[in-house]
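Reader: Hi! I'm new to this one and would love a quick tour. Could you pull it up for me?

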Amino acid sequence: MRRLDSTQPDFEAQLAQLLAFEAAQDPKVDAAVAAILADVKARGDDAVLEYTRRFDRVAAKSLQDLEVPRAELGRALGELPTAQRDALNAAAERVRAYHEKQRAQSWYFTDADGNELGQQVTALDRVGIYVPGGKAAYPSSVIMNALPAKVAGVREIIMVVPTPGGVKNPLVLAAAAICGVDRVFTIGGAQAVAALAYGTTTVPQVDKITGPGNAYVAAAKRRVFGVVGIDMVAGPSEILVVCDGRTDADWIAMDLFSQAEHDELAQAILLSPDAQFLDAVAASIARQLRQMPRREVIQASLAGRGALIRVRDLEEACALSNRIAPEHLELSVEDAQALLPRIRHAGAIFLGRYASEALGDYCAGPNHVLPTSRTARFSSPLGVYDFQKRSSVIRVSREGAQKLGKIAVELANGEGLAAHAKSAEYRMK
C-alpha cells in the first residue's frame with residue numbers, strides 16, 4: 001500500500017496518479033452489450049431465455065418459468081433463521097423510516113393577478129430494480145432500492161436477480177418479501193436490463209432502472225438511458241477515512257478492508273496528520289490481512305489504488321477530501337461535527353469513531369447506493385426523490401392573461417414565433 005506525504009514536492013503528481021481511473025467503457029463490453037440489447041428488443045422472451053441459459057446455466061423452458069411466485073418469497077422469509085429474519089426486518093424498518101422524511105409534496109400559490117402556480121409531485125408508475133447475484137448475494141441491495149420506491153408510492157416494483165446455476169439465495173427472496181416487491185425474475189446481465197427497458201411478453205417495461213451490477217450491467221444501463229431513466233452508472237466502491245490518530249488502528253484498517261474486499265479496483269485511502277498512526281495502521285493491515293477470507297481481493301485493491309497519506313492538519317485533510325469527492329467518507333476524529341461544514345463533496349459522511357461505513361451499508365438508514373468516481377461533486381445518494389417526478393401546474397386568470405399575454409407577445413415576436421404570439425393575443429381580447 002503506497003505512502004504519500006502532502007509536504008513532498010511531487011505530492012500533486014503522486015495524488016493525480018493515485019486518483020487516475022479510466023471510467024470509459026471497455027469497447028468489447030460495450031459492443032457485446034449493444035448486440036444483446038438489440039437482440040432482446042427484437043426477440044423478447046426468446047432472447048432473454050437464451051442468454052440466461054448461456055450465461056447463468058439455468059435450464060428453463062420459458063421465461064415464465066423464471067418468475068418467482070409470491071408464495072415462494074413468503075416461504076423464504078418464513079424459513080429464515082430467526083436472527084437473520086429479525087436483522088432484515090430491523091434494517092428495513094430503519095431504511096423505511098429514514099426515507100419517509102425525503103418524500104416531496106405538491107405545492108401551489110396564487111399571485112397578485114389570481115394566477116395559480118405550483119408543482120404536482122407524483123410517483124413513477126413502474127420501476128425495475130437490479131440486484132447482483134453473481135459472486136455474492138445482496139439482500140441489502142433489495143432493501144436500499146425497493147423501499148425508497150415504496151415510500152415514494154411507486155405502483156409496481158419489478159426485481160431482476162441472476163441465479164447462476166439456478167441457485168436462489170433465500171435472504172434475497174426474503175428481502176423482496178419484506179419490501180413488498182411485486183414481481184421477481186431470476187434473470188441478470190445486460191439481457192435483464194434490456195427486458196426491463198424495452199419490455200417483453202413476460203417482463204413488463206418499466207419507467208426507471210436502479211441498482212448496481214457488473215460492467216455489462218453498467219454498460220447496458222448507460223445505453224438504455226433515455227428509453228428509461230436510470231439512477232447512475234456506478235464505478236468501483238470507495239472509502240476515504242480522515243483520522244486524527246486517536247482511533248484504534250485495527251478499526252481503521254478494517255474500515256479500509258470493508259471497501260477493498262468488494263473489488264480489486266475499489267479504492268481505500270486514509271488521511272492523517274499523525275505519521276506514527278499511519279505506521280500503526282500499516283502494521284495492522286499486514287497483520288489482519290492474513291485472516292481475511294477475501295484477502296487476495298483486498299490485497300490487490302490496496303496495492304493498486306489504496307494509500308496512506310500524511311497531511312499537515314485536519315483542515316488540509318478536508319480540502320483533499322473535497323478534491324477526491326469519495327463515495328464514503330469517515331471523519332474519525334474527536335469533534336467530527338466541527339469538520340462537517342468543511343465537507344462539500346461526498347456520497348455519505350460518517351461522523352465520529354463509532355460510525356463505521358459498514359453500518360451505512362446495511363442498517364443505519366440512509367441509502368447505500370451512492371455516487372462514485374468523483375460524481376459526488378454533482379450527484380446524490382439514491383432516495384425517494386429518484387422515484388418521484390414533478391409537473392408544473394399553471395392556472396391563468398382572465399386578468400392574468402392580459403398582463404402575461406403582453407410579455408409573451410413581445411418575447412414571441414422577438415423570437416420570430418408568430419403562432420406563439422397569436423395564441424397569447426387571442427386571450428387578451
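Author: Happy to! Keep in mind that this is a predicted model. Let's begin with cysteine 363, which is partly exposed, with a relative accessible area of 30%.

Reader: Okay, and how many disulfides does the structure hold?
Author: Zero. Cysteine 363 is in no disulfide, and the nearest cysteine sulfur, from cysteine 179, is 14 Å away.

Reader: What about cysteine 318, how far is the nearest cysteine sulfur there?
Author: That sulfur belongs to cysteine 243 and is 13 Å away, so with a cut-off of 2.5 Å for a disulfide, cysteine 318 is in none.

Reader: Is cysteine 318 buried or exposed?
Author: Buried, because its relative accessibility is 2% and the cut-off for buried is under 20%. Cysteine 318 sits in helix H13, residues 314–324, where the buried residues also include Glu316, Ala317 and Leu320.

Reader: What covers the buried residues of H13?
Author: The cover includes helices H1 and H14, along with strands S10, S11 and S13.

Reader: And what happens at the ends of that helix?
Author: At the N-terminal end, aspartate 313 acts as a cap, with a side-chain oxygen 3.3 Å from the backbone nitrogen of glutamate 315. After H13 comes alanine 325, which has a positive phi, near 50°.

Reader: Switching to charges: how many salt bridges does the structure hold?
Author: There are 20. One of them pairs aspartate 30 with arginine 223, with the closest N and O atoms 3.1 Å apart. Aspartate 30 is in helix H2 and arginine 223 in helix H9, so the pair ties together parts that are 193 residues apart in sequence.

Reader: Nice! Which residue does arginine 54 form a salt bridge with?
Author: Glutamate 50, at 3.4 Å between the closest N and O atoms. Both lie in helix H3, four residues apart, about one turn of the helix. They also belong to a network of salt bridges that links them with Asp39 and Arg43.

Reader: Aspartate 386 and lysine 208 meet in a salt bridge too; are they buried or exposed?
Author: Both are buried. Their N to O distance is 3.7 Å.

Reader: Last topic: which residues form the nonpolar patch on the surface?
Author: Ile394, Val396, Leu404, Ile407 and Leu411, with about 490 Å² of accessible area together. Helix H16 gives the largest share, three residues. Isoleucine 394 is found in strand S15 and counts as exposed, at 65% relative accessibility.

Definitions and conventions:
Residues numbered from 1 in each chain as written. Predicted model: local features only at pLDDT ≥ 70, side-chain atom pairs only at ≥ 80, totals over all residues. Heavy atoms only, no water. Buried < 20%, exposed > 50% of the residue type's maximum accessible area, 1.4 Å probe, protein only. Helix = DSSP H or I, 4+ residues; strand = E, 2+ residues; numbered from the N terminus. Contact = heavy atoms within 4.5 Å. Polar contact = N/O pair within 3.5 Å; in protein donor to acceptor, adjacent residues only side chain to side chain. Patch = residues over 30% accessible without salt bridge, like charges linked within 9 Å, V, L, I, M, F, W, Y side chains within 5 Å. Areas by Shrake-Rupley, 256 points an atom, 1.4 Å probe, with all protein chains shown as cover. Salt bridge = Lys/Arg side-chain N within 4 Å of Asp/Glu carboxyl O.
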